[in-house]
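Please open the model in your viewer and keep the sequence panel beside it. The stops below are meant to be selected one after another.

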Amino acid sequence: MPAALGEVPDSRRSWVVAFVGAVAMVFTFGTPFSYGVFRQPFSDAIGVSPVALSSVFSVMLFTFFMGSGAVGVFAARLPARAVLLACAAATGLIAPSLYVVDSQLGLTVVFAVLGLALGSVFVLLASIVPRWFEARRGAATGLIFVGNGLGLAVLPPVWQYVLTQFGVDRGFLLVMTATAIAFALAGVTCRRPQWADQAAATVGDLLEWVGGLLGTRTFQLLFVGIGLAFAWYQLLAAYAVDLFASRGLTEPNAAAAFGLIGGVSIISRIGSGYLTDFVSSERAFLGSIACSAVGIALLFVPQLPALAAGIFLIGLGLGGCATLYIPVLMGIYGPERDTAIIGVFNVAIGSSALAMPPLGAASIAYTGGYTAALVLTFGVTVVAFWATVAGTTAS
């Protein structure tokens, strides 16, 4: 009985979990999507071309989404604290690794481990924190995704600063140490509440359940739609800093402008919960994809006012997509297997992540400009919109 144990929904303990989870969330998305900042400093340090290095960062995104997706399917059977502390330990262990790693292969291993740790923490916190709430669940979910958006805003310029001031080895050590500490605090604090049902399904049951999903039209369409609803940002992150610099911004200001997308996304992360009081989560999610598409279209215009408007609209779209895809999935599949369903669809996001950074870098390298990359990014949002409409209609 939760009350007898001093645990009730929407309590002070619930808000402590949500706050610590939000702090940890700052480090989950911010680093993987700073890879546009990483390319040149890591290229100079390792002696590998930026285009070749894009494959390293695509592996990081792949393990972030796809590897953590697999963890998400089965993590409901594991103690959340143990998994979170394991992720903190893994992050701490790789923090000094760049003092000895001097090859593309070694760097790939380091970033693969990092992506898996960051993604696993995201999946667990995104599913655990809302379970501590009933009346204020929307506000609590918004809080952890504000942390997520804050990371997208803060981490790119932070990485730009530490890599410039301290170099690749020490800069990586500093940020990874802070990340490990935040994850350790989450591991100590964030667990499933006593009243939340622990998964009783066996591995075989889970695999059978996933196999049953694969044959449904709703799942197939949503798998494409959800995956591509994030693919456009994975693609944009590969070249956005360079694109903004080509429009006349200095490198630090270009990194800050890219971070501003994450900063603006905080507005829609907070507002998404309130918006769904008036329209369905599916309609709000589709509106977010459309907002992103309009913002990307504005990036074709070389003038700085259009760039500023594009950044604002892209940020609003990104925040809505990131916050609303979980309510969309919970509305279609129910909350009973919350961690598992988030994990399954993170596999979709990971599948696209493996291709997007190399595609973005290669399109720019071989065309000598950004038009092809922008056309591809815009096209991805259009397909994401169509597949999501078809998938939610089929449900």
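**A tour in three stops**

Begin by selecting R39, which counts as buried at 10% relative accessibility, and bear in mind while looking at its side chain that this is a predicted model. Which residue forms a salt bridge with R39? Add D242 to the selection: D242 is the partner, and the closest N and O atoms of the pair are 2.3 Å apart. A search of the whole structure finds one salt bridge. Because D242 lies in helix α8 (residues 217–246) and R39 in helix α2 (residues 35–46), the pair ties together parts that are 203 residues apart in sequence. Unlike buried R39, D242 is partly exposed, with a relative accessible area of 30%.

Next, select F42, F111, W159, F244 and Y325, the residues with the most contacts inside the largest nonpolar core, which has 120 residues. Helix α8 gives the most to this core, contributing 18 residues. Centre the view on W159 and, leaving aside residues up to four places away in sequence, look for the residues that it touches, among them T31, V37, F38, F172 and M176.

Finally, move to helix α13 (residues 356–367), whose 12 residues should span 16 Å at 1.5 Å a residue, in agreement with the 16 Å between its end C-alpha atoms. Colour its buried residues, namely M356, P357, G360, A361, S363 and I364, and then look down the axis of α13: these residues fall within an arc of 160°, so they line one face of the helix. Just after α13, select G368, which takes a positive phi of about 75°.

Notes
Residues numbered from 1 in each chain as written. Predicted model: local features only at pLDDT ≥ 70, side-chain atom pairs only at ≥ 80, totals over all residues. Heavy atoms only, no water. Salt bridge = Lys/Arg side-chain N within 4 Å of Asp/Glu carboxyl O. Helix = DSSP H or I, 4+ residues; strand = E, 2+ residues; numbered from the N terminus. Buried < 20%, exposed > 50% of the residue type's maximum accessible area, 1.4 Å probe, protein only. Expected span 1.5 Å × (residues − 1). Arc of directions from axis to C-beta. Core = buried A, V, L, I, M, F, W, Y, C linked by side-chain atoms within 4.5 Å. Contact = heavy atoms within 4.5 Å.
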